[in-house]
Amino acid sequence: MERNHSAERHLYPEVLEVLQQIKDDHPKALIGAVTDGRYNPTLLQFTLGKYFDFACSWQDDQGQRKEFFQELESTGGDSSQLTWIYDEARYKYAVLKQAAAGMEEGNQEDVPTLVFPDTYDDRVWIHVGDDLALDVGGSAACGAKTIYAALADKYEQTARYRHEGNKPEPAWSTTPPEEMKMRQQMALAGQEKVDVELNFLTRLPEAVNDILAGR
């Protein structure tokens, strides 16, 4: 519970305004969170909750999915092995979309089983993340358009320290050297998968629109 309270207290000031603009511009879009922790923005009732439709966590144990979890060290620096969590996120999106369609049509029957890729749609999927290895590399391998959040210094972002060799790791970092090496290898590969690099959060709605317009 304290994790959620802390998240609400430490949101970047622009976040809520930016999400509201995206919702206003694209009212039929579904927004999901993919995380390698236990963070779930749908539970943040005072801030982010109303903007997110679902969340998919690396540590989510619901549905007997432990077999999908794998340690970073086992990837050998290949981010394509990290795609399972994005497949899960896409599945959750598809279930929500089909359920919403069934409600609009007055269909009370169960949502039919989804089979990849036959029953998935081809709507544009945009993934926003601050990690070249896990966010950009992993989601791009699943067909996502990617926005790499390499935020300006005013945000005091630390994510890029994972792969930039010219800055020290944060004092609180517990990442083992071998895992850091793997992240750096995947980050180099992920750089080629970036569609838009984002330095200021206020530009996120514009970046989304640029991707949708094919620019």
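## Asp210 and its salt bridges

Asp210 is buried, with a relative accessible area of 13%. In this predicted model, Asp210 belongs to helix 6, which spans residues 204-212. The side chain of Asp210 meets that of Arg203 in a salt bridge, with 3.3 Å from N to O. Arg203 is partly exposed, at a relative accessible area of 29%. So here a buried residue, Asp210, is paired with a partly exposed one, Arg203. Glu206 joins in as well: Arg203, Glu206 and Asp210 are linked in a network of salt bridges. As background, side chains of opposite charge can pair when their charged atoms come close.

## Helix 6 and what covers it

Asp210 has company in being buried. The buried residues of helix 6 are Leu204, Pro205, Ala207, Val208, Asp210 and Ile211. Which elements cover them? The cover includes helix 2 (15-25), strand 3 (126-129), strand 4 and strand 5 (196-198). A useful rule for looking at such a helix is that residues three or four places apart point the same way, because an α-helix has 3.6 residues a turn. Just after helix 6 comes Gly214, with a positive phi of about 75°.

## Strands 3, 4 and 5

Three of the elements that cover helix 6 are strands, and strand 4 pairs with each of the other two. Strand 3 and strand 4 run parallel and are joined by four bridges; one of the pairings is between Ile126 and Lys145 of strand 4. Strand 4 and strand 5 also run parallel, joined by three bridges, and here Ile147 has Val196 of strand 5 as its bridge partner.

How exposed or buried is strand 4? Four of its five residues are buried, so the strand is mostly covered. Strand 4 also takes part in a right-handed β-α-β unit, together with strand 3 and helix 4 (residues 132-140).

## The loop after strand 4

Follow the chain onward from strand 4 (145-149) and you enter the loop that leads to helix 5 (177-190), where Glu156 is found. Glu156 has a positive phi of about 55°, although it is not a glycine. For comparison, most residues other than glycine have a negative phi. Is Glu156 buried or exposed? Glu156 is exposed, with a relative accessible area of 68%.

Lys154 forms a salt bridge with Glu14, and the closest N and O atoms are 3.5 Å apart. Lys154 sits in the loop between strand 4 and helix 5, while Glu14 sits in the loop between helix 1 (2-9) and helix 2, so this pair ties together parts that are 140 residues apart in sequence. Lys154 is exposed, at a relative accessible area of 58%, whereas Glu14 is buried, at 14%.

## Another link, and strand 2

Asp53 forms a salt bridge with Lys23, with the closest N and O atoms 3.4 Å apart. Asp53 is in the loop between strand 1 (32-35) and strand 2, and Lys23 is in helix 2, so the pair ties together parts that are 30 residues apart in sequence. Asp53 is partly exposed, with a relative accessible area of 32%, and Lys23 is buried, with 18%. In total, the structure holds four salt bridges.

Strand 2 covers residues 54-57, and Ser57 is part of it. Ser57 counts as buried, at 12% relative accessibility. What is Ser57 in contact with, leaving aside its neighbours within four places in sequence? The contacts are Thr35, Gly37, Arg38 and Ile85.

## Cysteines

How many disulfides are there? The count comes to zero. Two cysteines can still be placed by their cover: Cys56 is buried, with a relative accessible area of 4%, and Cys142 also counts as buried, at 15%.

## The chain as a whole

Stepping back, the protein chain has six helices and five strands. From the N terminus on, they run α-α-β-β-α-β-α-β-α-β-α. Of the 215 residues in the chain, 40% are buried. The chain exposes about 13,000 Å², and carbon and sulfur atoms supply 49% of that area.

Contacts across the sequence round off the picture. Among contacts between residues at least 6 apart in sequence, 59% join residues at least 24 apart. The salt bridge between Lys154 and Glu14 is one link you can trace in the structure, tying together parts that are 140 residues apart in sequence.

Terms used: Residues numbered from 1 in each chain as written. Predicted model: local features only at pLDDT ≥ 70, side-chain atom pairs only at ≥ 80, totals over all residues. Heavy atoms only, no water. Buried < 20%, exposed > 50% of the residue type's maximum accessible area, 1.4 Å probe, protein only. Contact = heavy atoms within 4.5 Å. Areas by Shrake-Rupley, 256 points an atom, 1.4 Å probe, with all protein chains shown as cover. Disulfide = S-S within 2.5 Å. Pairing = 2+ DSSP bridges. Right-handed = clockwise from strand over helix to strand, strands pointing away.
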